[in-house]
Amino acid sequence: MKLLRHTALLLWKDVRLEMRRRESLLTMFFFGTLLLFVFHFSFDLAPDRMVETTPALLWLAFLFTGTLGLAQLFEAERGNHCLDALLLSPMDRGALFLAKTGFNVVLMTLVEIVVIPLFWILFNLRSWDLIPLLFLIVFLGTVGFCVLGTILSAVTLKARARELLLPLVLFPLMIPVILATIRLMENVLRFGVIGDAAPWLRLLIGFDVIFITVGVLIFDRVIDV
Amino acid sequence: MGPWGFVFLAYGIVWTVILLYLLNLKRRIRRAEVELVRLRSAEDLERDAKA
Amino acid sequence: MEPGKQRKGYLGGLALIAILTGLYWGLVQAPPDAYQGEVQRIMYLHIPSILTAYLSFFLVFVGSCLYLWKREKRDDNLAYAAAEIGVLFTALTIAEGSIWGKPTWGVWWTWDARLTLTAVLLLIFVGYLMLRSLLEEENRAATSGAVLGIIGFLDIPLIHMSVYWWRTLHQPPSILRPDKAPWENIHPAMLIALTINFVAFMLLYFYLLSLRFRLGELHDEIKTRRMSGGR
Amino acid sequence: MLGPNGAGKTTLLKLLAGLLYPTQGEILFDGVPLTRTATELRAAIGFLAPSDHLYEDLTVAENLDFFTALYGKSPPKAAIHHALQSVGLERWSNEYISALSSGMKCRLSIAKWQLLEPSLMLLDEPYGVLDGSGVDLLEGFLKAQAQKGHIIVIASHHISRVLQLCSRALILHQGKLFFDEPRQQPWESFYRAFGEFMPHNES
């Protein structure tokens, strides 16, 4: 209970700060949209091959925008040694992990809410009715990405060349999430249902559950040395 | 390249790389040991100076 | 220190003898494979090296867990040493696989599940080494490394699963199937050659590991001495 | 707690605050070891860093709300207003921290710890940024805390001020405890110890 209360408190603080500073969200929006244009110019997207390319392109866009968000994730705590102020308090460190993960999930979800329909418009896709299901899959993938991303963002907090290092260590670990979401989305686009790809869904949920648990358990050791 | 060529290529690469790594490791250890000896003698000097 | 050094010398000598015996059995005594011919001899290197690589990553995991739990520098040294040597053996495994693949499959690289998995392992643990080299403060480097070591190890089964499904669901099983063991009807001499080589790699592995571990200890001692006074 | 720069004062304070963990030995607080998992214990420890530990993009009142909630307290508006009033910041309660001077941030920190009432208060060089009335305020706060039986540890260079307040003095030098005695009147042994290392270190 205390864990959830602290999580909500910290998450609300981050949301409020973001509403004032608007640093992460705006750059992520802009970058996500920009990527769609870059994709359009650099790939010859034949309409009959959209089923194979759409999931991959969308996920590339989300991975890159998400990494932007992760790089900024602990920015609020850097000024004035605010991280110390949090660590001094009787807060459970797991709450900080959950709040930061949740915050990045919120940011990425907001970007995705805009980018997915935009993709459908820009690339003339017809399958609007599939978007809710696709969105659910993307959300599960986003959670997985943010969970590991938050742990690694905390781990690389004091490293030199932090922004470069983070994707370097994060992306190989993300392979199950990337493959699962892409296969699931492909299946949905092709057949309209998850159907045969159900094992991928289990893998994706398993990934989320395992690393949320690991994060809550070891985050106290990650954040203060 | 015949089959023996590939075999020798593989064996050659593996044992060369391992040998190089071993030599590199030995060099790093030697360097650290020299540094440590220097530090120890510097400490002794300091202690003598204090006494 | 002296007896430790001597023990390491024995270990190294033993490894050398085993390696030479392994070379003799692998290159001379063992018969060529019925299907693959002489190229199959690369397997006497390939299998022991991938096993040592996996052993490394397991040791990284064990060392990382122990370090986070007890915070003893010794455990972190073990993890760091195992990671470095693990990267070496993973890279060698990929090189051997590639050289074996060229005459067998006709290409140096194919996105086969096992190859892909090994490449991902290499990427993860190269990331581990980079992370450690970019963190200046020692405790933080050790802690961060430990966290990455644990996460990476826990991720391996998931990556394994996803990469295998990715290939099997998407590509019809082709003639390029390395997951079917190439020594189905195995000759006893082949088995002996493989066993000797496996023992040789283990001895070599622990020899290298003990050297790398010793290097970590030396670095620690240098750091503490620098901290306490002396320039 | 006194000592030249680099003597280990801040490190010791951070150890006591649980921001660092000892590589050897342990820290006991009322017989309870201060470890990573001792979250309950942290509620009893306050650490005042002069102009740090506040979120720049939250207002004065929001900062107080946030930190008191983090400590599991939710003081009524009146109490927060009273605390701000006592440090002379009531007119600023809706300003962002980034608009405040460092002296005012320090005053706000005092208000924060006034609301949280830790039984161990740690202070790291609190005098540097405060003006005359601010110093009076701080000392008033510390005396009130001490009267309630709370422990206070100050690391400072302002020898004369600290000596008037404290009941025990420590001198740290090169990471070692150099002097540790309860307060006396007059305090000859302190000045003797102090003079011993002063010539080589600070003028």
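Of the 174 residues in the largest nonpolar core, the ones that touch the most other members are L96(A), L148(A), I42(C), A82(C) and V147(C). A nonpolar core here is a set of buried Ala, Val, Leu, Ile, Met, Phe, Trp, Tyr and Cys residues joined through C-beta atoms within 7 Å. Buried means that 20 or more other C-beta atoms lie within 10 Å of a residue's own, with C-beta atoms placed from the backbone (12 or fewer makes it exposed, and in between it is partly exposed). In soluble globular proteins, nonpolar side chains tend to be buried together.

A word on what you are looking at: this is a predicted model, in which local features need pLDDT of at least 70 and side-chain atom pairs count only at pLDDT 80 or more, while totals for chains, interfaces and linings use all residues. Residues are numbered from 1 along each chain as its sequence is written, and chains are lettered from A and ligands numbered from 1 in the order in which they are written.

Let us zoom in on one core residue. Which residues is A82(C) in contact with, leaving aside its neighbours within four places in sequence? They are S56(C), L59(C), V60(C), G63(C) and L209(C). A contact means that the C-beta atoms of two residues, placed from the backbone, lie within 7 Å.

Now compare the make-up of two chains. Helices (H or I, at least four residues) and strands (E, at least two) are DSSP runs, numbered from the N terminus.

| Chain | Helices and strands | Buried residues | Contacts joining residues at least 24 apart, among those at least 6 apart in sequence |
|---|---|---|---|
| C | 6 helices, 0 strands | 42% of 231 residues | 79% |
| D | 8 helices, 7 strands | 29% of 203 residues | 67% |

Along its sequence, chain C reads α-α-α-α-α-α. The C-alpha atoms of chain D fill a box of roughly 50 × 40 × 30 Å along the principal axes. Chain D has a radius of gyration of 18 Å, which agrees with the value near 17 Å for a compact globule of 203 residues. That radius is taken over C-alpha atoms, and the globule rule is 2.2 Å times the number of residues to the power 0.38.

How do the chains meet? The contact between chain A and chain D takes 22 residues from chain A and 20 residues from chain D. On the side of chain A, α1 (2–21), α5 (82–88) and α10 (198–223) each supply at least two residues, and α1(A) gives the largest share, 6 residues. No contact joins chain C and chain D, whose closest C-alpha atoms lie 8 Å apart.
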